Amino acid sequence: MALVAAALVAMLAPAAFAQAAPGAGPRPLTDALDAPFSPLDLTAVTFGQQGARMTLQVTTAAPWSARQLDTGAGRSICIKLFYGRLGRPRARVCVLARDGAPRLRYTRLDPSGKPVALHRLKATVMRPDSRSLRATFTPASVRLRVGRYAWRAETSWAVPGPCATPGTCTDRAPDNAAVPARIAPSPLPRGCVAHGRTQRRSGPRGSPRVALTFDDGPSRFTPAILRLLKRKHVPATFFVLGKEVRRHRSLLRRMLREGHMIANHTLTHANVAGAGGFARHQISATQSIINRASGFKPCLFRPPYAATSRALTRIVRSLGALSILWDVDPQDWRTPGTAAVSSNVLRNTRPGSIILLHDGGGPRAQTIAALPRIIDTLRRRGLRFVTVADLLHLRLRARRTAA
Ligand code: ZN
């Protein structure tokens, strides 16, 4: 089925992998022909999470067009969502027409089922045939988070004639219940995809986003940094050394779980500007070590000492990565004092900045102590923290989930 194949290779938006899910996708629910005068009599409905997205497929007894649908006039195809297993109503997602094409609308419901607020849903909508509709969207776009929910499909065809008697032309699937379902946590991403200019010092200056990066770890200081970033809800990018990963393997999976990006900083912190076989080995061995420890293949590389060259950049690109430098460097590795680290960062950071810090290579207490002021102050200025992959609009590769 084309939809299954599409989901398996789905690109996960960086923000999505914090809460998306695995599995072969939901199974279709079939429904009896029980509203014979309505073309919208449901015959099959599929709804649920597939990979990082929600998938919806509705098949009706007879053909219909989006132009005929009008929720206010009682001609509708909707999925109603409930809290918990069979709790109170939470929302409904209905099909409507916009310029003749089918679109989805999300309506939040109050506890009695009355509409409270609505918005157009960002979804991919298709009509495989005149009796079917297929759509995908993110769980977050319909306010579904990790945990239980329940759903039911509802159609109505209020037109004069055989449908004039209320209730004659409405259908529900299932008829007298709701289907219990759940949103599972996301599978970890299995890589990112290099794209665009091969060497970067910053991201786009036009949007208020910045990236914190940490080099030379993982080390015994990394867990404290991860704890702090988690408390502040800040994703970061860790340029790790292959030789250090061997001693801290479990930290890499934790980084991915907590929404951070892992990147390559060579095997032994060698100067690899001379390129050639030595550089290639330093980088590719580290790619393998990271991949074995975490299942993730980085697409970002940072040359130690910023020692780079055209030949090195070519090698990096041939290994599927971009060379990432920085535009803010408070020299925290020299331990100049907590205040010096934070004020340097605050003085020099602007939209698009890539900020260089260290979680390894020496005592990192000053870096850790400087982070809260850096994060809080930059946020107050309206800047948002993202990973370098996100800053550069690179895509993540989703993990292939068991079929
Ligand atoms: Zn370094």
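**Around the zinc ion and beyond**

Along the chain, the donors of the zinc ion follow the spacing D-x48-H-x3-H. Donors here are N, O and S atoms within 2.8 Å of the metal (3.2 Å for Na, K and Ca), and water is not among the atoms, so sites may look incomplete. The protein donors are Asp216 (OD), His265 (NE2) and His269 (NE2), lying 2.1 Å from the ion. Asp216 sits in the loop between strand E16 (209-215) and helix H2 (222-232), and His269 in the loop between strand E18 (261-264) and helix H5 (276-294), so this pair ties together parts that are 53 residues apart in sequence. Those element names come from DSSP runs, numbered from the N terminus: helices are H or I runs of at least four residues, strands E runs of at least two.

Before going on, a word on what you're looking at: this is a predicted model, where local features need pLDDT of at least 70 and side-chain atom pairs count only at pLDDT 80 or more, while totals for chains, interfaces and linings use all residues. Residues are numbered from 1 along each chain as its sequence is written, and side-chain values use heavy atoms, with hydrogens and water left out.

Back at the metal, are Asp216 and His269 buried or exposed? Asp216 counts as buried, at 12% relative accessibility, and His269 is buried too, with a relative accessible area of 17%. The cut-offs are under 20% relative accessible area for buried, over 50% for exposed, and partly exposed in between, using a 1.4 Å probe and protein chains only. The loop that holds Asp216 has another feature: the peptide bond from Gly217 to Pro218 is cis, with omega near -5°. Pro218 is likewise found in the loop between E16 and H2.

There is also a cis peptide bond joining Ala173 and Pro174, with omega about -5°. For Pro174, look in the loop between strand E12 (170-173) and strand E13 (179-183).

Zooming out, the chain holds 9 helices and 23 strands. Its C-alpha trace spans about 80 × 45 × 35 Å along the principal axes. How many of the 403 residues count as buried? The share is 52%. If you like contact maps, residues 24 or more positions apart account for 70% of the contacts with a separation of 6 or more, a contact being heavy atoms within 4.5 Å. The chain exposes about 17,700 Å², with carbon and sulfur atoms supplying 53% of that area. Accessible areas come from the Shrake-Rupley method with a 1.4 Å probe; for residues, only the protein chains shown count as cover.

Next, a helix pair. The axes of helix H7 (residues 338-348) and helix H8 (residues 365-380) come within 8 Å and cross at roughly 35°. An axis is a line fitted to C-alpha atoms, for helices over the stretch in contact, and angles run from 0 to 180 degrees between N-to-C directions. The crossing of H7 and H8 is right-handed, meaning that the near helix is turned clockwise from the far one by less than a right angle. On the H7 side the contact is made by Thr338, Ala339, Val341, Ser342, Ser343, Val345 and Leu346, and on the H8 side by Gln366, Ala369, Ala370, Arg373, Ile374, Thr377 and Leu378. These residues divide into 8 nonpolar, 5 polar and 1 charged. In that scheme Ala, Val, Leu, Ile, Met, Phe, Trp, Tyr, Cys and Pro are nonpolar, Asp, Glu, Lys and Arg are charged, and the others, Gly among them, are polar.

The spacing in those lists is worth a look, because an α-helix has 3.6 residues a turn, so residues three or four places apart point the same way. Within H7, Val341, Ser342, Asn344, Val345 and Leu346 are buried. What covers the buried residues of H7 includes strand E21 (354-358) and H8.

H8 also carries Asp376, which is partly exposed with a relative accessible area of 30%. Asp376 and Lys232 are 144 residues apart in sequence and 8.7 Å apart in space, C-alpha to C-alpha.

Finally, some backbone angles. Phi of Asp99 is near 55°, a positive value in a residue other than glycine. Asp99 lies in the loop between strand E6 (89-98) and strand E7 (101-109), and at 77% relative accessibility Asp99 counts as exposed. Thr335, in the loop between strand E20 (322-324) and H7, has a positive phi near 45°. At 34% relative accessibility, Thr335 counts as partly exposed.
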